[in-house]
Structures are given as structure tokens and as C-alpha cells.
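Student: Could you take me through the aromatic rings in this structure, up close? I'd like to see how they sit together and what surrounds them.

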Amino acid sequence: MAKLLLFQKSLLLLMLFSCVSSSPTKTVSKSYSEIYLSKLETSKLTIKNIDINTYIVVSDEEQIHGLSSIKPEFFKNTDSMLFYNINDEVRSFWMPDTYFNLDIFFLDQNLKVLNVERNVPHHPGHSETPPIYRTGQYSCRHVFEMKHSEVSKKILIGDQLLWKNPKDHSRIESSARLQK
């Protein structure tokens, strides 16, 4: 009987303490867009006195994913994605599962704009109905994407992007060589 009474008192105390909280916990869940973008390497590029936050994609997996599934509210007009490569090749891009129109810039090894396709239409999902837009084929080293906006419209063929911190370029180049 004493053991039963002790057990009941312990159970009562446990229930009492489990109901009292010193501070309420608030659950904050991050969206897929926030989680994916936070895993990418970033740098700052500059052009025409505009600083551009740049997500760098190097690995094949990152480059295949690109901006797919990224919601517009998580990608500002001054954000970009740089598809960093170590060789010149003929490149063409398509836009499955995108949620905002893009300006796509085809760059040389020094980040000089060789070609641009403007206002490339977004295409939520992977279905080919209607057909998913595909860019032309361009010989280039890197590809740079920005949300179609007043900011991206200022970048023209012949312009050159610059690394805000030149050490970033060395670090990214080393990383790209290791992955390829």
C-alpha cells in the first residue's frame, strides 16, 4: 500500500511539472527554398555599382537543380545564381519547375557577358504541357541567372561582373576543380 501511495504521488508530481512551462516554445519551420539556398556557397558580385548576392552552383547536382522549386519571395531582384564551370562549352538552359521569369546571361571566363536571353518564361512543374522554354545554345564558361527586373535589365552584352572579394573567386575555382 505504501508503494502504491508513493507511486501515485510521483505520478501526480510528474503530471504537475509536465503541465508547467517556463516559456512557450515557438516552432519556426523553414521553407524548402530557404533550406536549399542556405546550403549553397555565396559570394558578392558587382556591376555598374550594384552589389549582387550570388549563389554559386558548382557540382553537377547543384547545376541540374538550379533555381527549380525556389519561390519568388526567397529570391530578390538583387540575387543571382552563378553556374560556375572550369571549361568553355556550348550551353543551353531550360526552365522546369521555376516560379519567376529570368534573365539568363552567358559569360566568359572573366565574367564578361557574351549573350543574354531576357524574360525567359517560368514554368511551374515538370510537365511538358505547355512546352518548357529552352534557351539558344551559346559557347561560354559560366551562366548567370537573375530574376527579370529593373536591376537585371541594366546588365548588357559586353558588361563585366566583378568579384566583390577576389579571394572568393580563388576559393570557388579550387572547389570547382576538386568537384570536376
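Tutor: Sure, let's start with what counts as a pair. Rings of Phe, Tyr and Trp (for Trp, the six-membered ring) pair if their centres lie within 6.5 Å; planes under 30 degrees apart are called stacked, over 60 edge-to-face, and the rest tilted. Keep in mind that this is a predicted model. By that rule, the structure holds 7 aromatic pairs. Take Phe83 and Phe93: their centres are 4.8 Å apart and their planes make an angle of 85 degrees. With a cut-off of over 60 degrees for edge-to-face, that pair is edge-to-face.

Now look at where these two come from. Phe83 belongs to strand β3 (residues 79-83), while Phe93 is in the loop between β4 (89-91) and β5 (102-107). They are 10 residues apart, and the pair links distant parts of the chain. Are they buried or exposed? Both Phe83 and Phe93 are buried. They also have company, as ring pairs tie Phe83, Phe93, Phe106 and Tyr138 into a cluster.

Some rings have a charge for a neighbour instead. Lys71 lies over the face of Tyr99, 3.6 Å from the ring centre. Over at Phe100, the charged end of Lys147 sits above the ring, at 5.1 Å from its centre.

Let's zoom out to see what's around β3. An open sheet is built from 7 strands in the order β6-β5-β8-β3-β2-β1-β9, with mixed pairing. So find β3 in that order, and you'll see β8 and β2 on either side of it. At the edges are β6 (113-120) and β9 (162-163), each pairing on one side only. Further along, β1 (residues 41-47) and β2 (residues 50-57) run antiparallel and are joined by 7 bridges. One spot to check there is Ile47, whose bridge partner in β2 is Ile50. Then there's helix α5 (residues 166-179), which lies across β1, β2 and β9 and runs at about 135 degrees to β1.

Finally, the whole chain. It has 5 helices and 9 strands, and 41% of its 180 residues count as buried. Among contacts with a separation of 6 or more, 74% are between residues 24 or more positions apart. On the outside, the protein chain exposes about 11,000 Å², with carbon and sulfur atoms supplying 57% of that.

Definitions and conventions:
Residues numbered from 1 in each chain as written. Predicted model: local features only at pLDDT ≥ 70, side-chain atom pairs only at ≥ 80, totals over all residues. Heavy atoms only, no water. Helix = DSSP H or I, 4+ residues; strand = E, 2+ residues; numbered from the N terminus. Buried < 20%, exposed > 50% of the residue type's maximum accessible area, 1.4 Å probe, protein only. Lys NZ or Arg CZ within 6 Å of the ring centre and 35° of its normal. Contact = heavy atoms within 4.5 Å. Areas by Shrake-Rupley, 256 points an atom, 1.4 Å probe, with all protein chains shown as cover. Pairing = 2+ DSSP bridges. Axes fitted to C-alpha atoms, helices over the stretch in contact; angles between N-to-C directions.
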